[in-house]
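Biologist: Before we begin, could you take me through this model slowly, and tell me each time what makes a given word the right one?

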Protein chains: 2
Amino acid sequence: MELTKSHSDGTVCPVACTASIIGGKWTLLIIRDLASGLKRFHQLERSLSGISPKTLSERLRSLEEEGIISRKMYAEVPPRVEYSLTEKGQDLVAVIECMRSYGKRWLCK
Amino acid sequence: MELTKSHSDGTVCPVACTASIIGGKWTLLIIRDLASGLKRFHQLERSLSGISPKTLSERLRSLEEEGIISRKMYAEVPPRVEYSLTEKGQDLVAVIECMRSYGKRWLCK
């Protein structure tokens, strides 16, 4: 999602910055899934019905680069990879909870 | 923004429902602007630098149809039209404030 991250006076808008983080098609849903604890790739894939493995990999890599999730790989055969939220990611859960309250009250009836 | 609004078990996700409301390119910014009080068309246009009048009209109409904003027209010459948030729109402001707190802490430094 492209947003105007700055006001007309040139100052940066923190609302638009946050929107650009969670505005991607799957990003929010990945964070929602990780909010309940660490997950392996196939668990996320199963929960996010309709996502392709390629897209899920890309989203996870991008969230890792933004410091929102961390990826831990275990030297097993086959390799085990687990994803979890960082502190920056955990804080985003509060935003998601705000969205959940609103959705329950006004949208999902 | 297209999101999977239902879980794989078929239940509707209130987080994804809310995301689909605020996920549009300009929607969130329009609500942010109306949160500080009613606005006329040209005030919104000036605040949302880069938006075309056509796009702004479309977004406002769509938000009105969703019951998030209300439009009041005064029989003056030229006609005066004012936009404000409904109760459903006001509640969305809490979601925006969550996003603002997060953005200030983690993103806009």
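Biologist: Which strands of chain A does helix H2 (residues 27–34) lie across, and at about what angle does H2 run to S3(A)?

Modeller: Please keep in mind that this is a predicted model. In it, helix H2 of chain A lies across S1, S2 and S3 of chain A, and H2 runs at about 95 degrees to S3(A).

Biologist: What makes S1, S2 and S3 of chain A a sheet, and in what order do the strands stand?

Modeller: The three strands form an open sheet in the order S1-S3-S2, and the pairing is antiparallel. Two strands count as paired when there are at least two bridges between them. S1(A) and strand S3 (residues 80–85) of chain A have two bridges, while S2(A) and S3(A) have six bridges, so both pairs satisfy that cut-off. As for individual partners, A:Lys39 has A:Tyr83 as its bridge partner in S3(A), A:Arg40 stands opposite A:Glu82, and A:Met73 stands opposite A:Val81.

Biologist: Why are S1 and S2 of chain A called edge strands?

Modeller: Strand S1 (39–40) and strand S2 (69–74) of chain A are called edge strands, as each pairs on one side only. S2(A) and S3(A) also form a hairpin, with five residues between them.

Biologist: How do you know that S3(A) is largely enclosed by the rest of the structure?

Modeller: A residue is called buried when its relative accessible area is under 20%. Five of the six residues of S3(A) are buried, and therefore the strand is described as largely enclosed by the rest of the structure. For chain A as a whole, buried residues make up 43% of the 109 residues.

Biologist: How do you know that A:Cys17 and A:Tyr102 count as buried?

Modeller: The relative accessible area of A:Cys17 is 9%, and that of A:Tyr102 is 4%. Since buried means under 20%, both residues earn the word. In chain B, B:Cys17 likewise counts as buried, at 9% relative accessibility.

Biologist: Where is A:Tyr102 found, and which residues of chain B is A:Tyr102 in contact with?

Modeller: A:Tyr102 is found in helix H5 of chain A. Leaving aside neighbours within four places in sequence, A:Tyr102 is in contact with A:Leu107 and, in chain B, with B:Thr18, B:Ile68, B:Lys88, B:Asp91, B:Leu92 and B:Val95.

Biologist: What makes the pair A:Cys98 and B:Cys98 a disulfide?

Modeller: A disulfide is a covalent bond between the sulfur atoms of two cysteines. The cut-off used here asks for sulfur atoms within 2.5 Å, and from A:Cys98 to B:Cys98 the S to S distance is 1.8 Å, so the pair qualifies. A:Cys98 lies in helix H5 (residues 87–107) of chain A and B:Cys98 in helix H5 (residues 87–107) of chain B, which means that the pair joins two chains. Over all chains, the structure holds one disulfide.

Biologist: Why are H1(A) and H5(A) called roughly perpendicular to each other?

Modeller: Two packed helices are described by the angle between their axes and the distance between the axes. Helix H1 (residues 14–22) of chain A and H5(A) pack at an angle of about 90 degrees, with their axes 12 Å apart. Angles of 65 to 115 degrees count as roughly perpendicular, and therefore H1(A) and H5(A) are given that description. The contact is made by A:Thr18, A:Ile21 and A:Ile22 of H1(A), together with A:Leu92, A:Val95 and A:Met99 of H5(A).

Biologist: What makes S2(B) and S3(B) a pair of strands in chain B?

Modeller: S2(B) and strand S3 (residues 80–85) of chain B pair in the antiparallel sense over six bridges, and the definition requires at least two, so the pairing is established. B:Ile69, for example, stands opposite B:Leu85 in S3(B). Helix H2 (residues 27–34) of chain B packs on the sheet, touching S1, S2 and S3 of chain B, and the direction of H2 makes about 95 degrees with that of S3(B).

Biologist: Finally, what pattern does chain A follow along the sequence?

Modeller: Chain A has five helices and three strands, and read along the sequence they follow the pattern α-α-β-α-α-β-β-α.

How values were computed. Residues numbered from 1 in each chain as written. Chains lettered and ligands numbered in written order. Predicted model: local features only at pLDDT ≥ 70, side-chain atom pairs only at ≥ 80, totals over all residues. Heavy atoms only, no water. Helix = DSSP H or I, 4+ residues; strand = E, 2+ residues; numbered from the N terminus. Buried < 20%, exposed > 50% of the residue type's maximum accessible area, 1.4 Å probe, protein only. Contact = heavy atoms within 4.5 Å. Axes fitted to C-alpha atoms, helices over the stretch in contact; angles between N-to-C directions. Parallel < 35°, antiparallel > 145°, perpendicular 65-115°, else oblique.
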